Amino acid sequence: MIDKKKIIDRFISYIKIDTQSDPESKTTPSTEKQWDLARKLAEELAEMGMEEVSIDENAYVMASLPANVSHQVPVIGFISHFDTSPDFNATNINPQIIEDYDGKDIVLNKEHDIVLSSEYFDDLKQYKGQTLITTDGTSLLSADDKAGITEIMTAMQYLLEHPEIPHGKIRVGFTPDEEIGRGAHKFDVKKFGAEWAYTMDGSQIGELEFENFNAAKAVISVRGKGVHPGYAKDKMINSQYIAVDFINSLPRLETPEHTEDRQGFFHLSDMKGAVEETILEYIIRDHDLNQFEARKQMMQDLASEICSQYNSDCIAVEITDQYFNMREKIEPVMHIVNLAEKAMEAVNVKPLLKPIRGGTDGAQLSYMGLPCPNIFAGGHNFHGKYEYVPVESMQKATEVIVKLAELTSEEFKENDL
Ligand SMILES: [Zn+2]
């Protein structure tokens with residue numbers, strides 16, 4: 001059994017270190033302060049007896065737990081990110097520990113009347129009787145993803161202290177800048193040297209994800225012709241009306257607020273307009289690659305159609321792919337998802353398989369040659385003051401890592417026979 005107090009202490013020691021990333025920065029890591037936790041993790045890994053501990057010039061931390069069995073087992077890895085979201089205050093995090101949670105509202109901050117409501121956030125109710133860690137309402141908690149780091153570190157320590165549990169070689173990797181979309185960019189997949197890995201970066205207990213969106217962004221530039229309004233007859237072309245035509249010609253119900261599960265969408269994220277020029281910014285999302293391509297084509301066709309009505313090339317469409325659904329890379333190696341399911345069931349966690357309506361570092365890593373599904377880390381309401389994590393979920397995630405190490409070894413032992 002994984003010790004609860006040790007999990008809490010470790011988690012708190014990590015969230016006390018401010019590691020907020022910065023999308024405006026061009027460096028890696030994007031903020032100097034991320035080095036503080038990167039160095040601490042490297043030190044702790046070495047101290048606990050991990051091998052091949054390294055920290056590179058971009059602050060990526062890696063380490064190995066050597067195999068303790070003689071048969072051939074594929075090297076597997078566990079990955080999480082140590083930066084925290086720039087969306088909300090991440091300095092001076094002051095956690096509250098609520099033992100034996102009663103299922104009711106939690107007052108985060110009396111002075112500012114900030115309440116974590118169990119009616120509004122009804123996921124809370126399933127944790128009645130458990131130990132919750134919340135914020136004090138003035139910052140985020142950074143369980144995303146210091147919960148994941150805590151779980152990987154605790155699992156490695158546990159395996160080192162329990163050599164009777166058989167396992168192959170395990171690699172661990174901690175990355176900067178995931179929250180600004182750059183966590184995988186400089187990840188050295190070759191140096192990591194694992195056959196596959198898992199990011200510990202999901203939310204509620206049981207989550208197991210191997211599908212995410214295909215993603216592109218589109219910038220639509222509409223050009224008009226500005227003329228003095230008093231003399232504009234048959235001369236003025238108001239780009240804003242053309243832009244509105246474009247917007248209204250896309251399927252109105254295929255937008256984020258009307259879609260769920262595997263339904264894709266067009267999302268108008270920004271518009272700026274004047275008579276002369278209107279710029280629309282869209283993101284395009286779809287799990288299905290064919291439909292994703294069809295959506296991009298639809299935008300191009302629509303632009304040509306409207307242009308032909310106005311007898312000019314008044315609309316320019318610029319579409320850039322952002323990331324792709326990892327399902328394509330995971331399906332040929334589905335046993336790695338099945339193993340994770342088995343590991344969860346073995347520690348009495350019900351696997352919740354669901355498509356991610358977003359992206360993940362694992363998707364990028366999967367396309368870089370490291371198939372990488374995502375496993376729950378346990379937290380809820382990421383990136384804001386209502387973030388919380390049940391300690392029991394962190395315990396279970398740690399057990400899942402330990403079990404995965406063991407099951408992978410067992411699986412390949414059977415294959416040898
Ligand atoms: Zn995360």
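In this predicted model, a useful place to start is Ala-340, which, once its neighbours within four places in sequence are left aside, is in contact with Tyr-198, Leu-208, Pro-373, Ile-375 and Leu-404. Ala-340 also belongs to the largest nonpolar core, a set of 79 residues in which Ala-340, Ile-152, Ala-197 and Ile-401 are those with the most contacts inside the core. Apart from this set there is a second, separate core of 17 residues, and Ala-218, Ile-220, Phe-265 and Leu-280 are included in it.

From here the path leads to strand S9, which spans residues 196–202. Of its 7 residues, 7 are buried, so S9 is largely enclosed by the rest of the structure. One partner of S9 is strand S3, made up of residues 76–81, and the two pair in the parallel sense over 4 bridges; within this pairing, Phe-78 stands opposite Tyr-198 of S9. Strand S16, residues 374–376, also runs parallel to S9 and is joined to it by 3 bridges, with Phe-376 in S16 serving as the bridge partner of Gly-202.

Stepping back to the whole chain, the domain assignment gives domain 1 as residues 4–211 together with 326–416, and domain 2 as residues 214–322. The centres of domain 1 and domain 2, taken over C-alpha atoms, are separated by 39 Å. An unreviewed UniProt entry lists residues 211–309 under "domain: Peptidase M20 dimerisation". Over residues 211–309 the chain is 32% helix and 29% strand, and the C-alpha atoms at the two ends lie 40 Å apart.

How values were computed:
Residues numbered from 1 in each chain as written. Predicted model: local features only at pLDDT ≥ 70, side-chain atom pairs only at ≥ 80, totals over all residues. UniProt positions renumbered as here; feature names shortened; annotations may be inferred. Domains from an automatic or database assignment. Core = buried A, V, L, I, M, F, W, Y, C linked by C-beta atoms within 7 Å. Buried ≥ 20, exposed ≤ 12 C-beta atoms within 10 Å, placed from the backbone. Contact = placed C-beta atoms within 7 Å. Pairing = 2+ DSSP bridges.
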